[in-house]
Amino acid sequence: MSLPSEIQDLLTELEPLHQVAHQVMQVLSDPDHGISDLARVLEVDAALTVDLLRIANSPAFSPRQPVTSVVRAINLLGEKLITILVMRKCTKKVMHKELTGYAAGSDRMWHHSLLTALAARELAFFQSEPANPGQAYTAGLLHDIGKIVTSDLLEGVTGKMVSAVDNDIVPNFAKAEEREIGASHCQVGELVCRKWDLPEAICTSVRYHHSPMECPETWRPLAFTVHVADSMAMMSGEGTGVDCLLYELDSRFTDYLDLPSGAFEQTYFQTQMQYRDLMELLGH
Amino acid sequence: MQTSTRTATKSSPTPQAELILGIGDIGATKRPGRRLKTIGLGSCVGLILHDPVTGTVGLAHVALPDSSISTKGKTYPKGYFADRAVNELVSAMVRVSGMPFSKRYVAKLIGGANMKGIANVYDIGTKNVSALRGHLHHLGVVPVAEEIGSHISRTVAVEVGTGCVVITTPGQHPRTI
């Protein structure tokens with residue numbers, strides 16, 4: 001794919017991903033990982049370790065004995081919550097960027113991505129092939145990462161792009177991005193993930209999260225998992241600004257996820273309750 | 001007097017005297033100068049009730065049509081499912097206003113959006129709107145105003161007294177119904 005020079009320049013200037021965040025994603029992508037693998041990655045960051053121990057010893061968790069190790073903190077808080085706390089801290093610079101081109105405030109990307117990640121983890125269990133919930137979670141968390149680049153190029157032009165989608169001139173907002181700036185946030189997101197040297201599954205599913213049927217067969221179930229999770233987050237109203245809901249839900253997801261309509265609504269419900277509980281815990 | 005299912009930290013009034021309601025929450029108030037607000041209605045629907053006699057307003061952020069899909073024993077906010085939200089909101093209105101339920105209540109529905117080209121069975125927005133209309137009909141209340149459907153996210157605020165509803169969407173001008 002030939003990228004416009006403006007996008008290439010922005011990609012060149014992109015800061016590297018926080019080392020701990022990168023390693024956590026690598027660990028989660030391994031379906032056989034254990035608590036000790038995650039602990040080994042976290043323990044090397046002293047500030048992070050202090051933070052996790054402070055939270056584990058807080059009144060919210062009230063441990064019987066003081067928590068003095070990362071392994072015990074993971075056992076107490078659970079891998080899911082630990083991962084969220086770590087990723088929130090380590091990806092703050094990129095995930096909390098204000099997406100002015102999408103008319104989205106500085107916390108929109110994080111909230112949307114977190115809800116998508118939680119949904120993707122739940123949906124992974126419905127994959128017809130052996131699932132990897134950790135990988136689905138990471139892919140969900142990063143699926144819109146391309147927007148940190150494309151946002152800068154969309155300022156002042158999103159109004160006509162929304163009209164183009166509303167009037168069916170283009171089928172969805174990703175296609176409107178391609179038409180307006182020469183690449184979609186999905187295409188740019190793949191390049192961001194490759195620049196950060198993330199696993200192939202993550203790079204590819206990010207690329208195809210709005211066009212999962214075009215995804216190579218190997219990663220198509222994951223691409224559909226992220227596609228449906230992203231749709232659920234947008235349907236929940238947790239979008240990233242003007243493009244919220246301006247995409248299709250490809251109903252062929254049922255070929256890759258054993259998800260009848262009842263299970264769809266149950267997963268939607270369970271994910272929202274998890275998200276709500278998390279927001280309370282995180283003080284939002 | 002006001003009531004909400006939210007905890008104090010979640011629903012504390014802002015300096016602008018707004019009571020912010022999250023997904024599945026219910027709120028009602030008649031305190032002058034107050035507004036009830038809920039942020040980011042996608043397929044969810046904001047059900048608004050207004051008693052023009054007492055000025056009391058109520059808002060429910062309804063997420064799904066039918067509580068039968070909830071996991072047994074799992075708790076959920078009172079306004080989450082349409083089949084419970086209507087009665088719960090009416091109860092909150094009665095409690096706050098100090099007056100019995102009346103068919104004079106004015107109802108408005110906002111939200112119920114969806115993805116483009118979504119299959120009917122997954123069209124949660126349309127199902128929510130349909131369910132709420134049905135439950136309101138049983139009470140003899142017909143919505144006087146609606147802004148529903150389409151592919152946009154909406155934030156909604158309703159004012160005590162007038163029952164005036166302001167709808168905002170990223171990148172669009174606010175609307176009043």
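**Close-up 1. Helices H2 and H3 of chain B in the predicted model.** In this predicted model, helix H2 (residues 82-97) of chain B and helix H3 (residues 124-138) of chain B have axes that come within 9 Å and cross at roughly 45 degrees. Because an angle that is neither under 35 degrees nor over 145, and that lies outside 65 to 115, counts as oblique, H2(B) and H3(B) are oblique to each other. The crossing of H2(B) and H3(B) is right-handed. On the side of H2(B) the contact is made by B:Ala82, B:Asp83 and B:Val86, and on the side of H3(B) by B:Ala131, B:Leu132, B:His135 and B:Leu136. Sorted by class, the residues in this contact of H2(B) with H3(B) are five nonpolar, one polar and one charged.

**Close-up 2. Strand S10 of chain B and its two faces.** Strand S10 (residues 165-168) of chain B has side chains that alternate along its course. B:Val165 and B:Ile167 point to one face and are buried, whereas B:Val166 and B:Thr168 point to the other face and are not buried.

**Close-up 3. Strands S9 and S10 of chain B.** Strand S9 (residues 154-159) of chain B is joined to S10(B) by four bridges, and these strands run antiparallel. Among the residues involved, B:Val156 has B:Ile167 in S10(B) as its bridge partner, and B:Ile167 is one of the buried residues of S10(B). The hairpin of S9(B) and S10(B) has five residues between the strands, and within this hairpin B:Gly161 takes a positive phi near 90 degrees.

**Close-up 4. Strands S10 and S11 of chain B.** S10(B) is also joined to strand S11 (residues 175-176) of chain B, in this case by two bridges, and the two strands run antiparallel. B:Thr176 in S11(B) stands opposite B:Val166, a residue of S10(B) that is not buried. In the hairpin of S10(B) and S11(B), six residues lie between the strands, and B:Gly171 takes a positive phi near 80 degrees.

**Close-up 5. Helices H1 and H10 of chain A.** Helix H1 (residues 5-13) of chain A packs with helix H10 (residues 147-154) of chain A at an angle of about 135 degrees, and their axes are 10 Å apart. H1(A) and H10(A) are therefore oblique to each other, and H1(A) passes H10(A) in a right-handed crossing. From H1(A), the residues A:Glu6, A:Ile7, A:Leu10 and A:Leu11 meet A:Val149, A:Asp152 and A:Leu153 in H10(A). By class, the contact of H1(A) with H10(A) comprises five nonpolar, no polar and two charged residues.

Notes:
Residues numbered from 1 in each chain as written. Chains lettered and ligands numbered in written order. Predicted model: local features only at pLDDT ≥ 70, side-chain atom pairs only at ≥ 80, totals over all residues. Heavy atoms only, no water. Axes fitted to C-alpha atoms, helices over the stretch in contact; angles between N-to-C directions. Left-handed = near helix turned anticlockwise from the far one by under 90°. Contact = heavy atoms within 4.5 Å. Nonpolar A, V, L, I, M, F, W, Y, C, P; charged D, E, K, R; others polar. Buried < 20%, exposed > 50% of the residue type's maximum accessible area, 1.4 Å probe, protein only. Pairing = 2+ DSSP bridges.
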